[in-house]
Amino acid sequence: MTNRGFQDGYDVIVCGAGHAGCEAALAAARMGASTLLLTGNLDTIAQMSCNPAIGGQAKGQIVREIDALSGEMAINTDCTAIQFRLLNESKGLSVQSPRAQCDKKAYQFRLKHTLELQSNLLPFQATVTGLIFERGKVVGVRTNLDLEFRGRTVIVTTGTFLRGLMHIGQNKNEGGRLGDFSAKTLSASFLEAGIELQRLKTGTPPRLLGRSLDFSKMTEQRGDAEVTRFAFHDTRDPEPMFHVEQTGEQRLGWIAGTNQVSCWMTYTTERTAELVRTNLHRSAMYSGEIEGVGPRYCPSIEDKFVRFADKPRHLLFLEPEGRSTNEYYVNGLSTSLPFEIQQEMVHSVPGLEKAVLLRPAYAVEYDFAPPTQLFPSLESKKVENLFFAGQINGTSGYEEAACQGLLAGVNAASKVRGAAPLIIGRHEGYTGVLVDDLVTKGTNEPYRMFTSRAEYRLLFNHGSAEFRLAHHARAHGLVSPSRLARIENKRAEVLKWREFFEKTRIEGGQGTWGDAIRRSITGNAPPVRYPPEFLELSRPIQEEVLYRVSYAGYLAREERQIAKLSQIEKIKIPQSIDYQQVRGLRRESALKLDRIRPQTLGQASRISGVNPSDISLLMILIGAGKSDTVS
């Protein structure tokens with residue numbers, strides 16, 4: 001990288017350095033692709049624009065999947081987290097998810113430093129103003145500095161910045177987030193290429209000055225004494241976490257779980273509800289000022305009091321934004337009401353009566369490209385070598401963006417190499433479910449991952465991610481041979497002990513160890529006293545063994561279902577099919593199939609509006625040889 005001309009052609013150009021852009025750039029560079037990362041502001045790389053937290057239900061599993069493919073989000077979180085919590089710890093292994101509160105500046109600074117130290121990667125400050133096309137392919141980008149950069153592939157990860165417009169009541173300001181710019185001209189490039197754009201909306205709550213809060217009126221929420229980290233430290237290569245040997249540079253961070261801080265819980269009041277309902281007409285969302293659709297599953301406080309009118313109050317979390325700041329995030333109080341109403345609302349909450357607002361809440365609407373215009377590799381169907389990842393695909397959340405960025409980075413580098421893309425199946429992880437949902441079904445609201453979206457979610461416990469994805473990591477060279485060997489040794493140890501528990505009987509006629517374990521989790525027997533040799537194993541191995549034994553019947557049922565449906569997923573659909581000419585195919589189905597252009601019969605079966613009779617017709621068509629079957 002140091003010897004190449006500054007504007008020489010790159011293998012991969014990444015536009016945007018949020019959570020998707022960072023993972024995309026690192027993945028491509030680590031695969032050996034010369035990579036350029038362009039951002040409008042180097043000082044806001046990996047900015048936590050909203051909640052300073054990583055993980056949660058399904059999201060925590062995604063972060064572990066990112067780590068299994070050598071992404072950076074997990075290790076960066078472990079090194080900069082100020083509180084760890086394992087959600088649903090008391091409810092059983094099947095519903096547990098790790099979550100961490102991060103120091104938002106430490107998270108940002110450490111990831112920026114990681115990008116700067118990565119070979120094959122150049123971060124550069126310039127705003128992308130347009131794309132350069134030649135013969136239906138993207139070949140580079142234009143910037144606000146009148147500099148053009150040539151690239152064999154381009155990944156767009158623009159977040160909320162495409163024609164971003166912020167709303168506080170009737171007040172409007174251009175920008176993707178408060179204090180930042182709006183990318184106003186890039187959308188024209190997409191439209192020029194025939195890429196459809198629509199509008200979405202998201203929002204963020206006010207930030208408060210910590211010394212103005214009365215924590216004695218709130219309930220404290222502490223971190224776990226024994227922390228659940230996101231990265232698989234037991235299989236990762238033994239490398240320094242905070243410095244790089246060849247440079248000696250010290251990276252920001254601390255040992256996971258040290259000096260944790262507390263979050264605090266309080267509730268809205270009747271006065272809060274009265275203020276919201278009385279001023280609904282002044283909310284940008286309810287006054288018609290915003291055309292974009294907002295997130296259903298992360299509603300504003302206006303939505304909460306309108307849609308859940310029977311609830312007298314709503315829970316709020318006061319979350320510290322870092323160790324070296326006195327700023328607090330009010331989780332649950334997202335709004336686009338005028339600033340003076342925001343102040344009154346905040347002061348109506350116990351513990352916040354004298355709170356000082358440091359930043360107002362606001363809503364932001366932005367352009368996104370409906371993701372049904374993408375192949376499962378996240379490459380555009382309209383423009384070759386152009387990839388999209390993150391909120392431009394209609395998603396919401398750091399974790400959803402990061403996993404898309406990683407896949408786009410891997411697949412852009414693979415495209416340059418002439419290698420097959422990385423496609424994660426729905427049966428392999430939440431990342432596979434997310435991408436398949438986007439490219440097959442699309443979304444008309446900000447998409448957030450939930451456990452309920454995955455039909456095989458019991459197989460997706462957070463501890464199994466590297467087992468589920470190891471074959472992909474090996475095929476694309478994403479992890480070192482030494483780490484792969486440790487993963488296989490760990491898998492062998494898990495399988496050995498699972499077999500031991502299932503086949504070995506306990507003295508005294510109580511059945512097998514497995515029977516005893518399953519009785520204990522249902523409360524029908526006392527806790528099991530495990531063999532001393534088992535207790536000497538590492539915590540990750542113990543937890544994975546107990547998970548597989550505890551839910552053996554349910555896991556076997558999901559594996560049988562996957563096997564049953566695997567054949568339809570293997571049947572490729574020729575891309576030359578003209579659905580409009582298929583006799584007997586309903587017009588609605590033909591139009592949707594033509595728009596989505598599914599790769600397999602399995603994907604076709606998941607398109608909304610395509611029914612089983614349509615799939616049977618396609619199966620007969622392909623089987624009869626009336627179209628060329630793709631192997």
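Me: I'm new to this structure. How many salt bridges does it hold?

Reply: Welcome! This is a predicted model, and it holds 50 salt bridges. Let's look at a few of them.

Me: Which residue forms a salt bridge with E344?

Reply: That partner is R271, with the closest N and O atoms 3.1 Å apart. Along the chain the two are 73 residues apart, E344 in helix α8 (residues 339-347) and R271 in helix α6 (residues 270-278), so the pair links distant parts of the chain.

Me: Is E344 buried or exposed?

Reply: E344 falls in between: its relative accessibility is 35%, so it counts as partly exposed. R271 is also described as partly exposed, because its relative accessible area is 38%.

Me: Where do D437 and K441 lie?

Reply: Both are in helix α10, four residues apart, which is about one turn of the helix. Their side chains meet in a salt bridge, at 3.5 Å from N to O.

Me: How should I read the accessibility of D437?

Reply: Buried means under 20% relative accessible area. D437 has 5%, so it is buried. K441, on the other hand, has a relative accessible area of 46% and is partly exposed.

Me: Which side chain meets R606 in a salt bridge?

Reply: The side chain of E569 does, at 2.5 Å from N to O. This pair links distant parts of the chain: R606 is in the loop between α18 and α19 (612-623), while E569 is in helix α16, 37 residues apart. R606 is buried because its relative accessible area is 18%, and E569 is partly exposed at 32%.

Me: Which residues are linked in a network of salt bridges?

Reply: Some familiar names return here: R426, D436, D437, K441, E455, E569 and R606 are linked in one such network.

Me: Let's turn to pockets. How is empty space found?

Reply: The general idea is to roll a probe the size of a water molecule over the atoms, which shows where empty space is left. In this structure, the second largest pocket has a volume of about 1000 Å³. It is lined by 38 residues, and those closest to its centre are P376, I423, K572, Q599 and T600.

Me: Which helix supplies the largest share of that pocket's lining?

Reply: Helix α16 does, with five residues in the lining of the second largest pocket. Among the helices that each supply at least two residues are α9 (398-417), α10 (430-441) and α11 (465-475).

Me: What classes of residue make up the lining of the second largest pocket?

Reply: By class, there are 16 polar, 13 nonpolar and nine charged residues in that lining.

Notes
Residues are numbered from 1 along each chain as its sequence is written. This is a predicted model: local features need pLDDT of at least 70, side-chain atom pairs count only at pLDDT 80 or more; totals for chains, interfaces and linings use all residues. Side-chain values use heavy atoms; hydrogens and water are left out. On a 1 Å grid over the protein atoms alone, a cavity is a set of points where a 1.4 Å probe fits but cannot get out, and a pocket is an open set with protein on both sides within 12 Å along at least five of seven lines; lining residues have an atom within 4 Å of a point. Grid points are joined across faces, edges and corners, and a volume is the space filled by probe spheres set on the points. Ala, Val, Leu, Ile, Met, Phe, Trp, Tyr, Cys and Pro count as nonpolar, Asp, Glu, Lys and Arg as charged, and the others, Gly among them, as polar. A salt bridge is a side-chain nitrogen of Lys or Arg within 4 Å of a carboxyl oxygen of Asp or Glu. Buried means under 20% relative accessible area, exposed over 50%, partly exposed in between (1.4 Å probe, protein chains only).
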